[in-house]
Amino acid sequence: MKYPIVIHKEKGSDYGVTVPDLEGCFSAGESYEEALSQAVEAIECRIEGMLLDGEIIPKTNPIEVHQKKKEYKNGVWALVDVDVSKFSGKAKRVNITLPERLLNQIDTYADSHGESRSGLLVHAAVEYISTHS
């Protein structure tokens, strides 16, 4: 799942990171690259905590939605990719039926994006649930 983040830098400070779609999720890094890496770690920690508390992972909003807010003025925006499927708990094998054409499209898409069929379906389900909750 891709999360928009806003990075801000004050003179003489580290790069600060805010994750607008996850309330209370902040991070920092000495360099821009470290700030991006630390943002992923912060998002993972926040999501894991939310799931342990039985909360639903909120949907992500486009960067344009957040750019209108004055608290993010002068920030630099980025998208970070977080694999939320690893927080879903123990994997369980299921038997489902899909139209062959759709299954071929899923496999083609997964292959071209370096994912497995199962991984893609997990990502799609998490995305769907978070945007329709």
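# Close-up views of a predicted model

**Figure 1. The surroundings of Tyr3.** With neighbours within four places in sequence left aside, Tyr3 is in contact with Val19, Asp21, Leu22, Ile43, Ile47, Ile57, Pro58, Thr60, Ala78, Leu79, Val80 and Val82. The view, like those that follow, is drawn from a predicted model. Tyr3 is also one of the residues with the most contacts inside the largest nonpolar core, and the others named with it are Ile5, Val19, Leu22, Ile43 and Ile47. This core holds 21 residues. Strand E1, helix H1 and strand E4 are the elements that give two or more residues to it. The largest share, six residues, comes from H1.

**Figure 2. The open sheet of four strands.** The strands lie in the order E3-E2-E1-E4, and their pairing is antiparallel. At the edges are E3 (26–29) and E4 (76–81), each of which pairs on one side only. From one strand to the next, the twist averages 30 degrees. Helix H1, made of residues 32–52, lies across E1, E2, E3 and E4. The direction of H1 is at about 155 degrees to that of E3.

**Figure 3. The hairpin of E1 and E2.** Strand E1 covers residues 2–9 and strand E2 covers residues 15–18. The two strands run antiparallel and are joined by four bridges. Five residues lie between them, and in this turn Gly12 has a positive phi of about 80 degrees. Across the pair, Val6 stands opposite Thr18 of E2, and Ile7 has Val17 of E2 as its bridge partner.

**Figure 4. The pairing of E2 with E3.** Here too the strands run antiparallel, and four bridges join them. Val17, the partner of Ile7 on the E1 side, has Ser27 as its bridge partner in E3. Gly16 stands opposite Ala28 of E3. Which residues of E3 point to one face and are buried? They are Ser27 and Gly29, whereas Phe26 and Ala28 point to the other face and are not buried. The side chains thus alternate along the strand.

**Figure 5. Cys25 and Cys45, two cysteines without a bond between them.** Cys25 is buried, with a relative accessible area of 3%. Why is there no bond between the sulfur of Cys45 and that of Cys25? The two sulfur atoms are 8.4 Å apart, which is too far for a bond. A disulfide requires cysteine sulfur atoms within 2.5 Å. The sulfur of Cys45 is the nearest cysteine sulfur to Cys25, and Cys25 is therefore in no disulfide. By this rule, the count of disulfides is zero.

**Figure 6. Helix H3 and the glycine that follows.** Helix H3 consists of 13 residues, 100–112. At 1.5 Å a residue, these should span 18 Å, the length being reckoned over one less than the number of residues. The C-alpha atoms at its ends are 18 Å apart, so the model agrees with the expected span. Just after H3, Gly114 takes a positive phi of about 65 degrees.

**Figure 7. Ala125 in helix H4.** Helix H4 covers residues 117–131, and Ala125 is found within it. Is Ala125 buried or partly exposed? Ala125 is partly exposed, because its relative accessible area is 36%, and a residue counts as buried under 20% and as exposed over 50%. Between Ala125 and Val40 there are 85 places in sequence and 21 Å in space, taken from C-alpha to C-alpha.

**Figure 8. The whole protein, for orientation of the close-up views.** The secondary structure comes to four helices and four strands. Along the sequence, these follow the pattern β-β-β-α-α-β-α-α. The C-alpha atoms fill a box of roughly 55 × 30 × 25 Å along the principal axes. Of the 133 residues, 31% are buried. Among contacts between residues at least 6 apart in sequence, 53% join residues at least 24 apart.

Note on methods. Residues numbered from 1 in each chain as written. Predicted model: local features only at pLDDT ≥ 70, side-chain atom pairs only at ≥ 80, totals over all residues. Heavy atoms only, no water. Pairing = 2+ DSSP bridges. Axes fitted to C-alpha atoms, helices over the stretch in contact; angles between N-to-C directions. Contact = heavy atoms within 4.5 Å. Buried < 20%, exposed > 50% of the residue type's maximum accessible area, 1.4 Å probe, protein only. Core = buried A, V, L, I, M, F, W, Y, C linked by side-chain atoms within 4.5 Å.
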